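Reader: I am new to this one and would like to understand how its features get their labels. Could you take me through the reasoning step by step?

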Amino acid sequence: MPSHRIQHMCESIKRELTAITRELNDPRVRNNFSDFVKIDISKDMSVCNVYVSSIDGFLKAEETVKGLNSAVPHIKWELGKRLKLRFIPEVKFIATDSIEYGINMIKKINDLNYLNNNMGEYKCSH
């Protein structure tokens, strides 16, 4: 389990990354419904992996990651300024399909619930 300090840093970075990305002008970042689903920071706080997912699917998440990676120098500068850090971890954005996967699972569960609720109508009375 991560230490309290690392956990707090992950939460702070996620909060600030959300604010910073709202200010970016890159259409790859602004024009889709993406979210930072997970943030991992190494124990020495030198590397920060940020997992990005999109409601619009994995391809949109990859597009967003390309936009974010092109803005890494600006994002690191903003993080340092907002969090008042002496050392800013190396930020790496990674695309993931976790939101899309979650939506598909919810659809499957809803389909099963629908089938279970409507099975009584189709039963034979023999």
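Author: Gladly! In this predicted model, the largest pocket is lined by Thr18, Thr21, Arg22, Val29, Arg30, Asn32, Ser34, Asp35, Phe36, Val52, Thr64 and Leu68.

Reader: What makes a residue part of the lining of the largest pocket?

Author: A lining residue has an atom within 4 Å of a pocket point. Thr18 and Leu68 are among the residues that line the largest pocket. The volume of this pocket is about 220 Å³. At least two lining residues come from each of helix H1 (4-23), helix H2 (27-30), E1 and helix H3 (58-70). Sorted by class, the lining holds four nonpolar, five polar and three charged residues.

Reader: Phe36 is in that list. Why is the pair of Phe36 and Phe93 called tilted?

Author: A pair of aromatic rings is described by the distance of the centres and the angle of the planes. Ring centres within 6.5 Å make a pair, and planes under 30 degrees apart would be stacked, over 60 edge-to-face. For Phe36 and Phe93 the centres are 6.3 Å apart and the planes are at 35°, so this pair is tilted. The count of aromatic pairs comes to one. Phe36 belongs to strand E1 (residues 34-41) and Phe93 to strand E3 (residues 90-95), 57 residues apart, and the pair links these distant parts of the chain.

Reader: How do you know whether Phe36 is buried or exposed?

Author: Buried means under 20% relative accessible area. Phe36 has 5%, so Phe36 is buried. Phe93 has 6%, so Phe93 is buried.

Reader: What makes you say that the charged end of Lys38 sits over the ring of Tyr51?

Author: The distance cut-off is within 6 Å of the ring centre, and the charge must also be within 35 degrees of the ring normal. The charged end of Lys38 is 5.9 Å from the centre of the Tyr51 ring and sits over that ring.

Reader: Why does Lys84 count as exposed or buried?

Author: Exposed means over 50% relative accessible area. Lys84 has 73%, so Lys84 counts as exposed. Lys84 is found in the loop between H4 and E3, and has a positive phi of about 55° although it is not a glycine.

Reader: And what is Leu85 called, and why?

Author: Leu85 has a relative accessible area of 24%. That value falls between the cut-offs of 20% and 50%, so Leu85 is partly exposed. Leu85 lies in the loop between helix H4 (72-83) and E3. Setting aside neighbours within four places in sequence, Leu85 is in contact with Met9 and Gly80.

Definitions and conventions: Residues numbered from 1 in each chain as written. Predicted model: local features only at pLDDT ≥ 70, side-chain atom pairs only at ≥ 80, totals over all residues. Heavy atoms only, no water. Phe/Tyr/Trp six-rings, centres within 6.5 Å; stacked < 30°, edge-to-face > 60°. Helix = DSSP H or I, 4+ residues; strand = E, 2+ residues; numbered from the N terminus. Buried < 20%, exposed > 50% of the residue type's maximum accessible area, 1.4 Å probe, protein only. 1 Å grid on protein atoms, 1.4 Å probe; cavity = no way out; pocket = protein on both sides within 12 Å on 5 of 7 lines; lining within 4 Å. Points joined across faces, edges and corners; volume = space filled by probe spheres on them. Nonpolar A, V, L, I, M, F, W, Y, C, P; charged D, E, K, R; others polar. Contact = heavy atoms within 4.5 Å.
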